[in-house]
Amino acid sequence: MTVRAFWKAVKVEDAQPPHDTIHLKVFYPALTADNQQPFSLDKANPDKAPFPVVIFFSGVNCNLAMYEWLALKLVARGLVVVLFNWLSENIPGSVALTPGVNLAAFAPDLYGTIPSASALPSLLAELEQLNTEGILANLLDLQKIVLGGHSAGGRVALENANPQFFDQVAAAFSYGGHTAAPVQVGYEPSTILSLPSSVPMLLMGGTRDGVIANNSGIYGINAWSSAATPIIRTFKEAISREQDDSYLVLLEGANHFSFVDPLDSTLRVAALDYTPTQPQAQIRSVIANLVGLFIDLHVRQESKASSQLERLLEDNNALIASFEQK
């Protein structure tokens with residue numbers, strides 16, 4: 001399937017200029033290009049429409065280009081994927097690329113009662129507009145929004161997959177994300193915060209995640225028992241839903257940045273990561289298939305995806321360290 005993309009810019013009403021603009025890149029299935037009109041957008045391929053939409057939240061200071069590999073894989077399956085860059089001052093005095101986090105939402109007396117995804121309302125409004133006019137008009141299934149993310153963006157995806165906040169959200173997935181609570185906000189050490197548990201969720205992580213392992217002090221402890229401990233605990237303790245549609249998959253030898261391609265060598269946090277012990281391309285291939293089959297099964301309700309997901313896990317024993325479902 002041909003994959004094309006276009007750019008849009010949207011304003012965030014509550015943000016202060018110059019940090020009030022999100023630049024998003026929308027990836028979509030396209031028809032073969034018309035070489036007679038090289039500067040026009042290629043028409044969408046409607047074969048698998050209406051398209052569920054994946055909104056992806058990047059890690060802090062991670063450019064959207066680091067996740068285009070996943071967008072290409074998912075669009076080839078007949079999805080529309082939105083990646084975005086937002087340069088903002090989430091923490092006073094610190095300007096960074098951000099997944100969009102309302103830090104006030106993490107206060108102990110507010111957590112779980114208000115959304116923390118400060119970019120999401122603007123992105124959803126733009127999708128409504130795209131479904132009204134242009135090449136994607138009437139081709140988007142806006143009642144099947146999937147939230148995905150990496151690292152801090154994974155946390156945003158999981159915590160805001162709450163139909164009480166955004167009734168369009170149908171599922172969520174995360175790599176390297178967890179809900180351990182920072183002690184500086186007022187939580188007790190080693191606290192894991194609950195998730196809404198209202199939609200299917202896929203939690204993924206690596207056994208060589210040095211970023212998680214080396215940031216344990218944020219959560220009031222000297223060291224996690226393993227690099228994936230807060231992800232495991234998030235699955236076991238934060239998700240109350242037990243409908244066989246929530247998953248935990250740990251990838252053997254994968255590190256925090258196994259999820260990105262290419263890795264930005266200027267990222268300071270990358271120096272905390274451990275060296276992966278498995279081929280990165282193979283890890284990403286498994287991740288893309290996991291996410292695609294998860295969406296096929298629990299968003300598109302394609303029953304054949306269940307056996308395909310089971311086979312994927314069985315056929316990749318060298319890369320799958322552990323798998324749980326509840």
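Contact is taken here to mean heavy atoms within 4.5 Å of one another. In this predicted model, Ser258 touches Tyr175, Pro276, Gln280, Ile283 and Arg284 when residues up to four places away in sequence are not counted. Ser258 is placed in the loop between strand E10 (246-251) and helix H6 (280-298), and its relative accessible area of 0% makes Ser258 buried. Ala76, by comparison, lies in the loop between helix H1 (68-75) and strand E4 (80-85) and is partly exposed, with a relative accessible area of 37%. With residues up to four places away in sequence again left out, Ala76 touches Met1 and Val3. The C-alpha atom of Ala76 is separated by 23 Å from that of Val249, a residue 173 places away along the chain.

The loop between E10 and H6 also contains Phe259, which takes part in aromatic pairing. A pair of aromatic rings is described by the distance of the centres and the angle of the planes. The count of aromatic pairs comes to 13, and one of them is the tilted pair of Tyr67 and Phe259, with 6.0 Å centre to centre and 50° between the planes. Because Tyr67 lies in the loop between strand E3 (51-57) and H1, while Phe259 lies in the loop between E10 and H6, this pair ties together parts that are 192 residues apart in sequence. Both Tyr67 and Phe259 are buried. Phe259 forms a further pair with Trp69, which is edge-to-face, at 5.7 Å centre to centre and 75° between the planes. Trp69 belongs to helix H1 and Phe259 to the loop between E10 and H6, so this pair ties together parts that are 190 residues apart in sequence; both Trp69 and Phe259 are buried. One aromatic cluster is formed by Phe56, Tyr67, Trp69, Phe173, Tyr175 and Phe259.

In soluble globular proteins, nonpolar side chains tend to be buried together. The largest nonpolar core of the model holds 61 residues, of which Ile22, Val53, Ile55, Leu127, Leu140 and Leu147 touch the most other members. Leu147, with residues up to four places away in sequence not counted, touches Ile55, Phe57, Leu120, Ala157, Asn160, Ala161, Val169, Ala171, Ala172 and Phe173. Apart from the largest core lies another, of 50 residues, among them Val3, Tyr67, Leu79 and Phe173.

The largest pocket encloses about 1,300 Å³ of space. It is lined by 36 residues, and Val60, Ile91, Ala152, Ile218 and Tyr219 are the closest to its centre. Two or more lining residues are given by each of strand E5 (87-91), strand E6 (94-97), helix H3 (152-159) and helix H4 (210-213). By residue class, the lining of the largest pocket divides into 20 nonpolar, 14 polar and 2 charged residues.

The second largest pocket has a volume of about 500 Å³. Its lining comprises 20 residues, with Val12, Asp14, Ala15, Trp86 and Ser118 nearest the centre. The elements that give two or more residues to this lining are E5 and helix H2 (120-130), and the largest share, 3 residues, comes from E5. The lining of the second largest pocket divides into 9 nonpolar, 7 polar and 4 charged residues.

Conventions: Residues are numbered from 1 along each chain as its sequence is written. This is a predicted model: local features need pLDDT of at least 70, side-chain atom pairs count only at pLDDT 80 or more; totals for chains, interfaces and linings use all residues. Side-chain values use heavy atoms; hydrogens and water are left out. On a 1 Å grid over the protein atoms alone, a cavity is a set of points where a 1.4 Å probe fits but cannot get out, and a pocket is an open set with protein on both sides within 12 Å along at least five of seven lines; lining residues have an atom within 4 Å of a point. Grid points are joined across faces, edges and corners, and a volume is the space filled by probe spheres set on the points. Helices (H or I, at least four residues) and strands (E, at least two) are DSSP runs, numbered from the N terminus. Ala, Val, Leu, Ile, Met, Phe, Trp, Tyr, Cys and Pro count as nonpolar, Asp, Glu, Lys and Arg as charged, and the others, Gly among them, as polar. A nonpolar core is a set of buried Ala, Val, Leu, Ile, Met, Phe, Trp, Tyr and Cys residues joined through side-chain atoms within 4.5 Å. Buried means under 20% relative accessible area, exposed over 50%, partly exposed in between (1.4 Å probe, protein chains only). Rings of Phe, Tyr and Trp (its six-membered ring) pair if their centres lie within 6.5 Å; planes under 30 degrees apart count as stacked, over 60 as edge-to-face and the rest as tilted.
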